[in-house]
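Colleague: I'm new to this structure and would rather know one part well than skim everything. Pick one and take me through it closely, please.

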Amino acid sequence: MSALGKVVRAGIGRRRLQTTVMILTTLMAVTASVLAAGLLVAARAPFDHAFAQQRGAHLTVQFDGTKVTARQVGATAHVSGVSAASGPFRTLSLRPRTASASDALPAGVDLPPLTVVGRADAGGRVDGVRLVAGAWATRPGQIVAAYGGMPVQPGARLTFPSAPGGPTLTVVGVARSVTGTADAWVTPAQAEALSARGGPVSYEMLYRFRHAGTDSQVAADRAAIAAAVPKGALSGSRSYLTVRQQETANTMAFVPFLAAFGVLGLLLSVLVIGIVVSGAVGAATRRIGILKSLGFTPAQVVRAYVGQALVPAGVGCALGLVLGNLLAVPVLGDVGTAFGGPGASVPVWIDVAVPGVALALVAGAALVPALRAGRLRTVEAITVGRTPGTGRGRLARRLAGRLPVPRAVGLGLAHPFARPARSATTAAAVAFGAATVTFGVGLALTLGAVQSGRMLDSAGSVVVTAGGGQAPPGAEAVPAGGGPDAPKADPAGVAAALRAQHGTSRFYGIAQAEVSASGVTGATTVVAYQGDTAWAAPQMVSGRWLDGPGQAVVTTRFLKAAGIRVGDTVTLTERGRRASVRIVGEAFFTADQGMELLTRTSTLAELGLDATPGQYGVQTKPGTDLARYLTSLNAALKPVGAVAQANTARTSDVIVTMDALVGTLTLMLVAVAGLGVLNTVVLDTRDRVHDLGILKALGMAPRQTVAMVVTSVAGIGLVAGAVAVPAGVALHRYVTPLMGDAIGMTLPASDIAVYHAPALAALGCGGLAIAVLGALLPAGWAARTDTARALRTE
Amino acid sequence: MTATAPVIDIRDATRTYGEGPPALADVTLSVRAGEAVAVLGPSGSGKSTLLNLIAGLDRPSAGSVTVAGLRVDGMGEARSAEFRRTRIGMVFQFFNLLDDLTVTDNVLLPAQLAGLPRAEARRRAAGLLERLRIDRYAGAYPGRLSGGERQRVAVARALMNRPALLLADEPTGALDTASGEDVRELLTELNADGQTILLVTHDLRLAESCATRTVELVDGRVVRDTERTTAVTR
């Protein structure tokens, strides 16, 4: 090993604590950064790859055949900005029934409505549909199912009772459209045959545009298409950006907060490594002098100190790389396989770039103090003794001596003024830690609020299931029925039993159905309410909750998918019957991926569907014994055929994973900040060991020494905490809406405004806690310092 | 401590470090109240080790050390600190003043650490500064004072809690001739006023001028213990 290598190795071995701090800080920064950057790129890659390969449609547009002809729709292929188009294809909304039994479904089961498209072949200039199994439909009597939709395989048979003649078609293939342009495909002739005579006709047109990189560009393209057809003819559209967002939502939701942790980690790394190397240079002045007197050049000295930072940082980077890639595995999950590709993973270039950037930052941070070491004059360095007093902070010491506090505390409080630069870096490390705690706590509170508010009908403590194939309490809607529905309990009987039950405060009924909604591909689950539901409304983002018939409330994701806004109208279709509902509010919930439409039961009646509630949400009076209430209520409900259960919430695995990551990264950053404080206090204690010896010789007791060392950082901790809390709150306010945007949802303001006065007061003490915890260990060392030896220290 | 009990009572004290020869070997020493004892000896003879054992800064490997009626050798850190605060005062070769504190604040430190009421501490400090003729430097920082003046500040600080014993480690070792003389006079005056003093020194003039007894150490052992009957400068 070269002389330089030996110096580096000796330096690292001598400062194990500082080496550990440097490893930990780079480990944390690289883990979070690899995760954030990796997820950002890897989550979208499978979709983008499949989209490019299949020439996916930038925009899938539905046209109302009563207002526009197929020829007019076809002419939109020549609208300015369109680079390629396919269609028009006749589309129908049909509800199939299984005509053959399979492992997944018995015969005779009614399935949710399908968007069936009449398309001659799988190819075309846009949306090259990829066959996963079987073949494309080439003649009447055949149908191709979309992959991931109905649980059917080639050979299965489906009957369409609502189509003319109730034909039965054979599934000949299963295919995948990257943007989900249909639930099933038939030949154009079959599509025409399936259409009811005189019934509504719809067309689908698929476009690729010259400029479609952003939402606003796609919106402009859509406006150009809408302008080319009669007003109101464009009944719905779906952007590939919306599809991509839905497909990658769960993964992309991680990116904003991971990126924030990554940036915080990198900044803290730079700071801590700067402190460590600066401290190492300050503490080893004589050693540097000896090295130079032995013939080390200034450049070699610089390289030695940069090397002492880069070696542990390199270890931290390597460990962070492994950890980041391991943590990405469960988060990326089956992102890749959803598009028929291999499982997604962190790209190699990210594995190279992130540690490269981290090491460059570390080298930069270490270079400044290392250059100082290189410039030290040999004679001065070799003759330097005990760190001389700077003369700074005398006024503070005098003033602190007059404070009505124990002298040890007064000495500690005045200490930061003696070394303002070191105190400032300590304050910065504490501030980073305290801001991270504030941010992390805020994220946890927001995720908690999202977890509790994301499910519909979670307000009541009891759920009464009245049959009719309703979802169990707390469960999301099941899109495909598993068998014939049980008859629903008499609503009057259920209501009478609930009213008569002691402890009932209020209740409402819920009915569900799956219908077609304009602008949305596939079936839309309609959740219809009966009775007083104001108390059980989901968290509203904008607009208001339902207060009459003909109204609906949906999520931001639904609005985006359907290309509508609050105030617009959505047309619901079921077996040829139509009902229009006006969107009066935008809510936040994740049931059925946030694609459910909430309305009154009168809407179902208008569509000719059974509007009888199959489920009831019940609120009990305060102080009601839930177990006794349920026992008594179930006895009363038994004759009417309903069952009451406690309303238990289901936890989201994604949120649980997020919580775990937030907790882990927060703890790591706080630990690094605390270790930064520890390192500074250790340096300080070493610098002051002679003074400590004097004080101990004068009778300073161990607890007084601990008090002095701890209070020397307590003031810094308080000030840093006071600065850090607003910074953490601001970061939280910036990041959480981005997390909502990533999943295509607007988070309710109440889920973002999670910092209340008691929490802020507690968080304000976070800086103090980090500083004190970081100082406790060196304070103990200071208290145990051998007085006689300390007095001899020069 | 009874009226006749010695201020320092060391019995068979041995201090060894590692495998080497003992720094102090079977030392027995008794110092009565009002005595001024000078411990003499060449470098490495065990003078500083003896001082550290008496001050509770170190523990004997064997034997016992009792100071002002308290067994020092078995004390924990906290009790030993309390002992130093209340029973002894220490003066060092290089003064060991805190450069960032004024003279008054340096002198006040032991009283403040002991929790003496503020007004009483200030009154006592002012009295000591006046007595040691350094009251005009009360608000100055030690860096501005001469060596002799600094050592006077150190003595004032050592006397702040009215200790039973004043320990001085080479108190003239870092001083020029004039300043050394100044400190010699000061220590003599203090002893004349009844202050028990144990000083460790190479300075034979200091020993001759202010010690009532000299103890000579060689290789960790007491080789001579001499009561000085000749008149000292009083």
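Modeller: I'll stay with chain A and go from its domains to its cores, then to two strands, and finish where it meets its partner chain.

Before that, some housekeeping. This is a predicted model, where local features need pLDDT of at least 70 and side-chain atom pairs count only at pLDDT 80 or more, while totals for chains, interfaces and linings use all residues. Residues are numbered from 1 along each chain as its sequence is written, with chains lettered from A and ligands numbered from 1 in the order in which they are written.

Chain A splits into domain 1 (1-58 + 214-230 + 240-385), domain 2 (61-211), domain 3 (390-454 + 652-794) and domain 4 (462-650); the bounds come from an automatic or database domain assignment. Take domains 1 and 3 of chain A: their C-alpha centres are 24 Å apart. Across that boundary, 33 residues of domain 1 are in contact with 32 residues of domain 3, contact being C-beta atoms, placed from the backbone, within 7 Å. On the domain 1 side, helix 2 (16-53), helix 6 (240-252), helix 7 (254-283) and helix 9 (298-332) each supply at least two residues. Helices here are DSSP runs of H or I with at least four residues, strands are runs of E with at least two, and both are numbered from the N terminus. Helix 7 gives the most, with 16 residues. By class, that side has 24 nonpolar, nine polar and no charged residues (Ala, Val, Leu, Ile, Met, Phe, Trp, Tyr, Cys and Pro are nonpolar, Asp, Glu, Lys and Arg are charged, and the others, Gly among them, are polar).

Now the inside. The largest nonpolar core has 265 residues, and Leu39(A), Tyr305(A) and Val430(A) have the most contacts inside it. A second, separate core of 59 residues includes Val116(A), Val144(A), Leu241(A) and Val243(A). A core is a set of buried Ala, Val, Leu, Ile, Met, Phe, Trp, Tyr and Cys residues joined through C-beta atoms within 7 Å. Buried means 20 or more other C-beta atoms within 10 Å of a residue's own, exposed means 12 or fewer, and partly exposed is in between, with C-beta atoms placed from the backbone. Leaving aside residues up to four places away in sequence, Leu39(A) touches Thr251(A), Phe254(A), Val255(A), Leu258(A), Ala328(A), Val331(A) and Leu332(A).

Two strands of chain A are worth a look. Strand 11 (residues 234-239) has six of its six residues buried. Strand 11 runs antiparallel to strand 1 (residues 59-64), joined by five bridges; two strands pair if DSSP finds at least two bridges between them. Here Val61(A) has Ser237(A) as its bridge partner.

The other is strand 12 (residues 462-465). In a regular strand the side chains alternate between the two faces of the sheet. In strand 12, both faces are covered: Val462(A) and Val464(A) on one side, Val463(A) and Thr465(A) on the other, are all buried. Strand 12 is joined antiparallel to strand 20 (residues 615-620) by four bridges, and pairs in the antiparallel sense with strand 21 (residues 643-646) over four bridges. Val463(A) has Gly617(A) as its partner in strand 20 and Gln645(A) in strand 21.

Last stop: 23 residues of chain A are in contact with 23 residues of chain B. Helix 12 (394-401), helix 13 (407-414), helix 20 (689-697), helix 21 (702-742) and helix 25 (787-792) of chain A are the elements giving two or more residues to chain A's side. That side divides into 10 nonpolar, six polar and seven charged residues.
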